[in-house]
Each structure stands twice: as structure tokens, then as C-alpha cells.
Amino acid sequence: MSTAIENRTVESTIVESQNIFLMAEDNPLDAEIFSEMLKNSFGNRYSIFCVDRFKKILQALETNSFNALILDMNLPDSSGVNNVVEIGEKFPNLPIIVLTGDDDIQKAIDALQNGAQDYLSKNHVTPETLERSLRYASERKQIEQKLKFALQDAAFKNIQLEAQAKHDSLTGLANRTYFADVASRVIHRARRYKCLASLMYFDLNGFKKINDNYGHVAGDELLKQVSNRLMCIVRDTEFLARMGGDEFVIITDLLKDKTEIYPLLKRIQQQFDTPFKIGPHEISVSTSIGIAFYPEADSLDLLIKHADCAMYEAKSEPEKSICFYSGKLAAQYARTQKIESSFTKAIEKNELVAFFQPIISVSDPDLVYVEALARWHSSELGNISPSEFIPIAESTPTINNITQIISQKSSLLSQGLRIMGLPLQKIAINVDAYQLSDPHFSRRLLNQIEISHLEPNQICLELTERQVVQNINQCKTQIELLRREGITLALDDFGTGYSSITYLLDLPFDVLKIDRILIADIDKNTRNQALVAGIVEMAHRLDMKVVAEGIESNCEKDAAINLGCDFLQGFFYSGPMPLEEALLFFQLKK
Ligand code: C2E
Ligand code: MG
Ligand code: MG
């Protein structure tokens, strides 16, 4: 290998070698000495290129690659530690050895601290020390580089980990922890500047059903799309997070007036105006929003609790999709929470029983037709009306346990009546339309009926008008299946404010139960008389029998009969009774 020494200029062609060095030295004699030393050390296995100006170092490095740079710290066009810094920045992989005079030891240390790998004193350098220094500089540079990459990698991973810890992996939104952090600061700021802050808590109505009907993958996709839409509408002063499941939250900063949140509310609602396209399905979703304000709630926990409570209220009435927290809500909320927590234990503790209320046939007074109604006597809270606990149990699997208990108890009534020689012709069992969205509902119910020694044609399932309207498609399939098995179906609480005549035509109901709202004072209220007469006429034409609910007086009974109702139910005959009383009722009637 040639010793391509070219003083003061750089060769354009570089000899192929493992040891290609660049030397920056303006003193030709020194350059000569160092070249000789290299020759002693490496024999023919090296190439050296010498330059005498700083700018030429840069040119050389740009066009060629070198194993190391031997750098005189004092070059005519630029000197000092800055040369090391500049070269290090531009050529981070290049090992640098600086050459110093005896009195320049501090400069050498500075150079080491600023990126040089080693230094040599010109007056004491020997071929051995030069060779060792070159090898050492190269190894050190490699270690430095590895360390640098490892540190960069660790820093990147740390950033990633930090981002993951703060964000929800499904939607990319801030998670509960991050939200708590930001929200605490928002409250702190509101306190300091004596401003308001608002917290909106909202979820997707019927999300569970969407998951059940379309599967969890579709549910996840829906959450992602909802998050994307929401991300586009929040401003700098608003912070959006996903609290888990289908629950989202937005906290707004520094408000002067509560009405300032109206535009945001509108923007949130608008995001649900267009259906979501999930695979082949177009899914329409609505939301219920609960709102609470700081300083009315003066801690984050309380703000969340208030907003959650308001959201619960917004959910309870379908036409109300937004609800502001108020003190009255707090009491209701506390009661609901209590009921909810005791209810799970009620079933284990056998606190749920069935009461039975007779339904009297106008044409055949001996017919035994009874409605089974759930009753709960809680050891903690006393008697709780089904109107309170059924809506809480609705949309949870517990509602199926209620149906199971009711059919078991109905079986006892049927057995008792049989012994008395009074066969039970119909037992009406209330079910939640939500239960019918479960494709296994009919099979499970038929099993329960069989176990309870009841015949399907003894059963009439009552579904409330409101729920049927909200779940029409899911109900349809199950209703058809059940009817095929001989179970009859009744549309309960008809006339409670949900226009559903068109749905009626669509579904094969056998019985229509007119709600007691329309029956109250039916003997005097001419408007209700007209309505009931119309409903009866329509039902009969559709081949349905009509039950008048809530008959409380003789006059109401007579009016209902005159208007053509087929069955009568109400306190006038009897309220709901425990099993023994119901058996006695029928025995006495016999
Ligand atoms: P519903 O199915 O319409 O039942 C009739 C309700 O009216 C019963 O209230 C009954 O006690 C009441 N009632 C009957 N006659 C009269 C009357 O002459 N005057 C007045 N003021 N009320 C009368 P209850 O037992 O409190 O049940 C309320 C609702 O809870 C039921 O309305 C039904 O929708 C639901 N429910 C009850 N048990 C069950 C159940 O096992 N499952 C389901 N899903 N819902 C149930
Ligand atoms: Mg009913
Ligand atoms: Mg009813």
C-alpha cells in the first residue's frame, strides 16, 4: 500500500486502506514527522492526507471518508476548541485526535470535553503513542456512538411510554389519569381567577345493544369514529378525554358565564346527527350529556359525580338528552345508587317475590287470567316499587333473573289453582323489550316455562309500548318465534305518550292494554271516552283483545264495558296480592 503523502492538498483519489487518516497541520516539518511516525507504525498499510487550513478539512471530509482526523488546534484560518465542535457536529462519526503544544494542556482538555477522542503533545509523541492513540480514538468513538444511539433510543421509548400512559390505546384520546391531571389544573386556575369551569360527562345511548347486535369489533370502531368526530370539535380551552367504555368527558376552562358552554353542547350534539358507517352498517347513535360546574362542585371528584348524576337523569327520559346538575338530582341520584347496590344482593337474599293481580274477562267471569308483578322488600331500604327498581334492572342481565323468579312463582300459583280445580288460563308476565334483543331469549324462556310446568299457551308476555317503539327490530324476530310456540303477547301501557299505531300494525300482538292514564275517570271524561272507543275499535279490527288497566270504581268498570273493553284490571277487583291471598281470591270467587 502506498504512503500517499501529499503535503498541503488533498488527493481526490483515496487509496483503499483500513488506515486512512486526515492530518490538519500547517507546519510542513511537523506534518513530515507525523507521516514518518505513521510509516513506522503501519508500514505500507496506511494512507495519509494532509491539509493546512480549517476550511480544507471540511472540504476533505465532505468528499472522502477517513478513519480519523489528526488535528492541530492552531490553524491559520481558525483555531481553538470551536474547530473540534464544528467538525463533531458536521461529521459525528469521525474520531478526532488533537495535537497540542506543552503549554496547551487546558485546550486539550477542552477539546476532549467538546468531542475529541484523544490528544497528543507534539513534543512527546512517539510512533507507538501515535498508533495507540489512533486505535484508542477509533474505539472510543465507536463506544460513544453506540452509547449515543442507546440513549436516543431510550429517550424515544420514554416519550412513547409517557404518551401511552396518558392516552387511551383504542381512540388515542386522553385517558382518565391524564384527564385527572389536566382537570385538577383547570380547577386550580378557575379558583385563582375566580372563574367558572364546566364538566360535561356523556355516553352513547344503547351502546351495549350495539355491541351485542353488531359485535365488539364494530363497537370499538364506533368508539373510534365518535372520538375522531369529537376531536375535531374541541377548542384550545376545552379538554376531551375517554373515561372508559363509551363514556367521554370534556372540561372547559375559565368561563365567565354558564351560557358560554352552549356552542360546545351544540357542537357535540351535531356530531351525532349523521349516522356512523361501520362496515356494511349505518348506525345512528345519540348521546346523553350531564353537566356540572365549578365552583358549585369545588373538587374534581364532586364535579365528576355531579355531571355523572346529571347524565343519568338525561338518560332516564328519552326526549331529554342534556341535563344540568341540580340539588334535587343529587337526592334522586343517591337513592338510585343505593337501590342499584342493594339490588344485586336482593336476588341472592330471595327478597324478590311475585304478586298476582286478577284480570277479569267481561264475557266469561270464570276465566282465570292473572298478571304477575314483581315485588321487592329490601332488608336495607324497605319496600321498593317496581317502577323504581325495574328501570335500574333494565339493560342489565339481572332482568332475566327477575323473569325467572316470576315464572317460578307463577308455577306455584298454577299448581295451587289446579288443586282447587280452577285451571289457570293465562298468566301475564312482564318482560323488558331489552331482553328480547338477546337472540337466546325465547329458548331460555321456553325452558323456564317447561321447568315451571307451565304450558306456552298459558303465558302472555307483556311488553311496554315505550320499549317496543325503541327496540322494534330486535323485538320483531323474538316475538314471531314466541308466538309460533303458542305464547301470546300483550302491548302494555298503551297510550302513555308514544305514538306507535304504525308499529302496532307491524307486530303480531294479541292483547292491547290501555294504560290507566286513559281509564282514570273514564265515566266522566268524554275526551278519554272518545280515545278509548277509537282504540278498542282499532284493536278489534286488528284481531286484538283489549284490557282496561286501572279500574278503580264501579263507574269506571261500567264505562269500560260500554266502550267495548274485553278485560278489566284494577283495584276495583283487587290490587296485586301475594300467592296465598290470590289463591283465596279465586277460591271465594268460585
Ligand atoms: P304494569 O305492567 O302496567 O302493571 C300494572 C301496574 O299498575 C302495577 O304496578 C299495578 O300494581 C298497578 N295497578 C293495577 N291496578 C291499578 C289500579 O287500579 N290503580 C292504580 N293506581 N294502579 C294499579 P306495579 O306493580 O307497581 O308495577 C309497575 C310496573 O312495573 C308494571 O306496570 C310493569 O311495567 C313493571 N313491572 C312489574 N313487574 C315486572 C316484572 O316482573 N318485569 C318487568 N320487566 N316489569 C315489571
Ligand atoms: Mg303489565
Ligand atoms: Mg300497564
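This briefing describes the metal sites, the ligand surroundings and two sheets of the structure above. The model is predicted. Two magnesium ions, ligand 2 and ligand 3, lie 4.1 Å apart and are bridged by D492. Ligand 1 is surrounded by 24 residues. Two open sheets, each of 5 strands, are also described: one has the strand order 2-1-3-6-7, and the other has the order 9-10-8-13-14.

**Magnesium ion (ligand 2)**

- The magnesium ion (ligand 2) is coordinated at 2.0 to 2.3 Å by E371 (OE), N430 (OD1), E462 (OE) and D492 (OD).
- Along the chain, the donors of this ion (ligand 2) follow the spacing E-x58-N-x31-E-x29-D. E371 belongs to strand 17 (residues 369-378) and D492 to strand 21 (residues 488-494), so the pair ties together parts that are 121 residues apart in sequence.
- E371 and D492 are both buried. For E371 the relative accessibility is 3%, and buried means under 20%, which is why E371 counts as buried.
- The side chain of E371 makes a polar contact of 2.7 Å with the side chain of Q569.
- Leaving aside residues up to four places away in sequence, E371 touches F355, F356, Q357, I359, A428, N430, E462, D492, K513 and Q569. Among these, N430, E462 and D492 are also donors to the magnesium ion (ligand 2).

**Magnesium ion (ligand 3)**

- The protein donors of the magnesium ion (ligand 3) are D492 (OD), D493 (OD) and two entries for E549 (OE), lying 2.0 to 2.6 Å from the ion.
- The donor residues of this ion (ligand 3) are spaced D-D-x55-E in sequence. D493 lies in strand 21, while E549 lies in the loop between strand 23 (545-548) and helix 20 (554-562), so the pair ties together parts that are 56 residues apart in sequence.
- D493 has 24% relative accessibility and therefore counts as partly exposed.
- E549, at 11% relative accessibility, counts as buried.

**Surroundings of ligand 1**

- The closest of the 24 residues around ligand 1 are R375, N430, D492, E552 and F571. Of these, N430 and D492 also coordinate the magnesium ion (ligand 2).
- A polar side-chain atom of D493 is placed 2.9 Å from an oxygen atom of ligand 1.
- In the side chain of E549, an N or O atom is 3.1 Å from an oxygen atom of ligand 1.
- D493 and E549 are also donors to the magnesium ion (ligand 3).
- F571 approaches ligand 1 through its backbone, with an N or O atom 2.9 Å from an oxygen atom of the ligand.

**Sheet with strand order 2-1-3-6-7**

- This open sheet of 5 strands has parallel pairing. Its edge strands are strand 2 (47-51) and strand 7 (118-121), each of which pairs on one side only.
- From one strand to the next, the twist averages 20 degrees.
- Strand 1 (residues 20-24) and strand 3 (residues 68-72) run parallel and are joined by 4 bridges. Within this pairing, A24 stands opposite L71 in strand 3.
- Helix 5 (residues 127-166) packs on the sheet and touches strand 1, strand 3, strand 6 and strand 7; the direction of the helix makes about 165 degrees with that of strand 7.
- T100 lies in strand 6 (residues 96-100). T100 counts as buried because its relative accessibility is 3%.
- Not counting residues up to four places away in sequence, T100 touches M73, A108, Y119, L120, S121 and K122.

**Sheet with strand order 9-10-8-13-14**

- The pairing in this open sheet of 5 strands is mixed. Strand 9 (238-244) and strand 14 (322-324) are the edge strands, and each pairs on one side only.
- The twist averages 20 degrees from one strand to the next.
- Strand 13 (residues 287-294) runs parallel to strand 14, and 3 bridges join the two. F324 in strand 14 is the bridge partner of I291.
- Helix 10 (residues 300-316) lies across strand 8 (196-204), strand 9, strand 10 (247-255), strand 13 and strand 14. Helix 10 runs at about 145 degrees to strand 13.

Note on methods:
Residues are numbered from 1 along each chain as its sequence is written. Chains are lettered from A and ligands numbered from 1 in the order in which they are written. This is a predicted model: local features need pLDDT of at least 70, side-chain atom pairs count only at pLDDT 80 or more; totals for chains, interfaces and linings use all residues. Side-chain values use heavy atoms; hydrogens and water are left out. Donors are N, O and S atoms within 2.8 Å of the metal (3.2 Å for Na, K and Ca); water is not among the atoms, so sites may look incomplete. Buried means under 20% relative accessible area, exposed over 50%, partly exposed in between (1.4 Å probe, protein chains only). Two strands pair if DSSP finds at least two bridges between them. Axes are lines fitted to C-alpha atoms, for helices over the stretch in contact, and angles run from 0 to 180 degrees between N-to-C directions. Contact means heavy atoms within 4.5 Å. A residue is near a molecule or strand if one of its heavy atoms lies within 4 Å of it. A polar contact is a pair of N or O atoms within 3.5 Å; within protein, one must be able to donate a hydrogen and the other to accept it, and residues adjacent in sequence count only if both atoms are side-chain atoms.
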